[in-house]
Amino acid sequence: MCNLPFMNPIWSQLVEKLLPKVGDNVGWLLPEWILIGGIILFVGLSCFKRRILDFWLGGLMLLVLTSLIFQWPSEAHLLFDGKYIVDQTGNWAKLLCVLGILAYLAFVRLSGKMAYHQQAELYLLLLGLQLGLHFLIGSQHFMLILVALELVSLSSYLLVAFPKN
């Protein structure tokens with residue numbers, strides 16, 4: 001039982017009931033947690049060291065790929081009372097999204113048309129797009145679908161309007 005002085009006993013019972021469920025479900029969202037950590041890392045790195053962003057983005061995408069491969073489920077897992085699903089088909093789709101974004105990054109780097117000072121913004125938008133796609137692929141609840149669609153659409157709108165040289 002939670003013995004916090006400011007917590008109502010009813011709330012403490014609710015927290016004790018729900019916390020083990022959340023703890024069991026969070027482990028299946030490892031690629032999404034890596035993307036969220038990558039977004040936070042890129043915000044910090046873009047303020048100080050812009051020259052190493054390519055290295056960090058490549059490492060981050062490699063980390064997402066390996067977490068998807070090592071976390072390959074043999075059967076479908078419903079998370080958060082059926083609001084999110086992790087299954088083989090979803091992992092294939094997530095893998096395809098990661099490879100598509102890596103191909104886009106390779107195209108941008110090889111074309112040489114991206115200004116150096118715009119790389120951090122491009123990488124952050126691509127990570128936001130990737131995170132939205134991951135949540136859109138696994139979502140089973142209407143509100144989660146809407147939030148994921150908003151994240152994908154905002155990143156896509158900004159990428160379309162992104163200045164090119």
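**Exercise 1. Which residue forms a salt bridge with Glu32, and how far apart are the closest N and O atoms?**

*Solution.* Start with the pair itself: Glu32 forms a salt bridge with Lys94, and their closest N and O atoms are 3.0 Å apart. The criterion here is a side-chain nitrogen of Lys or Arg within 4 Å of a carboxyl oxygen of Asp or Glu. Next, place the two residues: Glu32 sits in helix α2 (residues 30-48) and Lys94 in helix α4 (residues 88-111), so the pair links distant parts of the chain, 62 residues apart. Helices (H or I, at least four residues) and strands (E, at least two) are DSSP runs, numbered from the N terminus. Then check the surroundings: both Glu32 and Lys94 are buried. Buried means under 20% relative accessible area, exposed over 50%, and partly exposed in between (1.4 Å probe, protein chains only). Finally, a search of the whole structure finds 1 salt bridge.

Before going on, a word on the model: it is predicted, local features need pLDDT of at least 70, side-chain atom pairs count only at pLDDT 80 or more, and totals for chains, interfaces and linings use all residues. Residues are numbered from 1 along each chain as its sequence is written, and side-chain values use heavy atoms, with hydrogens and water left out.

**Exercise 2. How many helices and strands are in the protein chain, and what order do the elements run in?**

*Solution.* Count them along the structure above: the protein chain has 6 helices and 2 strands. Reading from the N terminus, the order is α-α-α-β-β-α-α-α. Now turn to the contacts, meaning heavy atoms within 4.5 Å. Among contacts with a separation of 6 or more, residues 24 or more positions apart account for 67%. For burial, 35% of the 165 residues in the protein chain are buried.

**Exercise 3. Which residues touch the most other members of the largest nonpolar core, and which element gives the most to this core?**

*Solution.* A nonpolar core is a set of buried Ala, Val, Leu, Ile, Met, Phe, Trp, Tyr and Cys residues joined through side-chain atoms within 4.5 Å. The largest one has 24 residues, of which Leu122, Leu126 and Leu127 touch the most other members. The elements that give two or more residues to this core are α2, α3 (53-70), α4, α5 (119-138) and α6. Helix α5 gives the most, with 7 residues. To see one of these leucines at work in the model, select Leu127: leaving aside neighbours within four places in sequence, Leu127 is in contact with Leu35, Gly38, Ile39, Phe42, Leu57, Leu60 and Met61.

**Exercise 4. Is the aromatic pair of Tyr84 and Phe135 stacked or edge-to-face?**

*Solution.* A pair of aromatic rings is described by the distance of the centres and the angle of the planes. Rings of Phe, Tyr and Trp (its six-membered ring) pair if their centres lie within 6.5 Å; planes under 30 degrees apart count as stacked, over 60 as edge-to-face and the rest as tilted. For Tyr84 and Phe135, the values are 6.0 Å centre to centre and 70 degrees between the planes, which makes the pair edge-to-face. Tyr84 lies in strand β2 (residues 84-86) and Phe135 in helix α5, so the pair ties together parts that are 51 residues apart in sequence. Tyr84 is buried, with a relative accessible area of 2%. The search of the whole structure finds 1 aromatic pair.

**Exercise 5. Which residues does Gly132 touch, not counting residues up to four places away in sequence?**

*Solution.* First locate Gly132 in helix α5, where this glycine is buried, with a relative accessible area of 0%. Under that rule, Gly132 touches Ala148, Leu151 and Val152. Now compute a backbone distance: the C-alpha atoms of Gly132 and Glu150 are separated by 7.9 Å, with their positions 18 residues apart along the chain. Leu136 is also found in helix α5 and is partly exposed, with a relative accessible area of 27%. Leaving aside neighbours within four places in sequence, Leu136 is in contact with Ile145, Ala148 and Leu149.

**Exercise 6. Where does Phe80 lie, and what is its phi?**

*Solution.* Phe80 lies in the loop between β1 (77-79) and β2. Its phi is positive, about 55 degrees, although Phe80 is not a glycine. Asp81 lies in the loop between β1 and β2, and its phi is near 60 degrees, again positive in a residue other than glycine. For accessibility, Phe80 is partly exposed at 28% relative accessible area, whereas Asp81 is exposed at 62%.
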